[in-house]
Amino acid sequence: MTEKIFLASGSPFRKALLVHAGVAVEAVPAEVDERALEAPLQGSGISPEDVALVLAEAKATEVSERKPGALVLGCDQTLSLGDEVFHKPADMEAARRHLLALSGKTHQLNSAVVLARDGAVLWRHVGIASLTMRKLEPAFIGRHLARVGAKALSSVGAYQTEGEGIQLFERIEGDYFTIVGLPLLPVLAKLRDLGAIDG
């Protein structure tokens, strides 16, 4: 007997990963203000991984309180370069600054997932990937952003490795699912443990 999972996210990528894996899923985006939740954490010494967990938990519990008895999956991803945490760029100029800052350096993508039911957290996990961007010339960054357009604004790093953004990198360590924002194998393992999917 499989159980429908509620995904506390509007991400079409996350939903597609679950659907393609055979999970019955319904997307119910969480109604949380991520920046307001994050503001008190800044300067507190909290790790970027824990920031992602706090946000994923807030999303999972918020939706689980609206969907009594349902199993809810909350997700969030942070990008960290040393101590600096990046957010989705607000405009193309911010995307350009992101890529200039990441050029020639190794950054981390921290993909947090939380399962909750009736406001209670059942499980937490953070998948981490390390990505090394090749040294990018400013003129190339401009041409790249002109080609990819507004898609650059839809992710924390201003790139999508599943698209033309893969050309920005010289090395990637970590699994594909973590990079696109849903560490799928640990999620599927936990859903099997909970009896929510056939195992």
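Ala70 sits in the loop that joins helix 3 (48–66) to strand 3; helices (H or I, at least four residues) and strands (E, at least two) are DSSP runs, numbered from the N terminus. This is a predicted model, in which local features need pLDDT of at least 70 and side-chain atom pairs count only at pLDDT 80 or more, while totals for chains, interfaces and linings use all residues. Residues are numbered from 1 along each chain as its sequence is written, and side-chain values use heavy atoms, with hydrogens and water left out.

With a relative accessible area of 9%, Ala70 is buried (buried means under 20% relative accessible area, exposed over 50%, partly exposed in between, with a 1.4 Å probe and protein chains only). Not counting residues up to four places away in sequence, Ala70 touches Phe6, Ala116, Arg117 and Asp118, where contact means heavy atoms within 4.5 Å. The C-alpha atoms of Ala70 and Asp118 are 7.1 Å apart in space, although the two residues are 48 apart in sequence.

Thr78 belongs to strand 3 (residues 71–81). Ser103 is located in the loop between helix 4 (92–102) and strand 5 (106–117). The table lists both; its contacts leave aside neighbours within four places in sequence.

| Residue | Relative accessible area | Contacts |
|---|---|---|
| Thr78 | 4%, buried | Pro48, Glu49, Val51, Ala52, Val85, Gln108, Leu109, Asn110 |
| Ser103 | 6%, buried | Met133, Arg134, Lys135, Leu136 |

A polar atom of the Thr78 side chain lies 3.0 Å from the backbone oxygen of Pro48. Arg134, one of the contacts of Ser103, lies over the face of Phe140 at 5.0 Å from the ring centre. A charge sits over a ring if NZ of Lys or CZ of Arg is within 6 Å of the ring centre and within 35 degrees of the ring normal.

Helix 1 (residues 12–20) has Arg14, Leu17 and Leu18 as buried residues. Seen down the axis of helix 1, these buried residues fall within an arc of 95°, so they line one face of the helix; the arc is that of the directions from the helix axis to the C-beta atoms. An α-helix has 3.6 residues a turn, so residues three or four places apart point the same way. The buried residues of helix 1 pack against strand 1 (5–7), strand 2 (25–27), strand 3, helix 6 (176–179) and helix 7 (184–193). The face turned away from the buried side of helix 1 carries the exposed residues Pro12 and His20.

At the N-terminal end of helix 1, Ser11 acts as a cap, with a side-chain oxygen 3.3 Å from the backbone nitrogen of Phe13. Gly22, with a positive phi near 90°, follows helix 1.

The structure holds two aromatic pairs. Rings of Phe, Tyr and Trp (its six-membered ring) pair if their centres lie within 6.5 Å; planes under 30 degrees apart count as stacked, over 60 as edge-to-face and the rest as tilted. The ring centres of Tyr159 and Phe169 are 4.8 Å apart and the planes are at 75°, so this pair is edge-to-face. Tyr159 lies in the loop between helix 5 (138–148) and strand 7 (169–173), and Phe169 in strand 7, so the pair ties together parts that are 10 residues apart in sequence. Both Tyr159 and Phe169 are buried.

Tyr176 and Phe177 form an edge-to-face aromatic pair at 5.7 Å centre to centre, with 75° between the planes. Tyr176 counts as partly exposed at 43% relative accessibility, and Phe177 counts as partly exposed at 25%.

Terms used. Polar contact = N/O pair within 3.5 Å; in protein donor to acceptor, adjacent residues only side chain to side chain.
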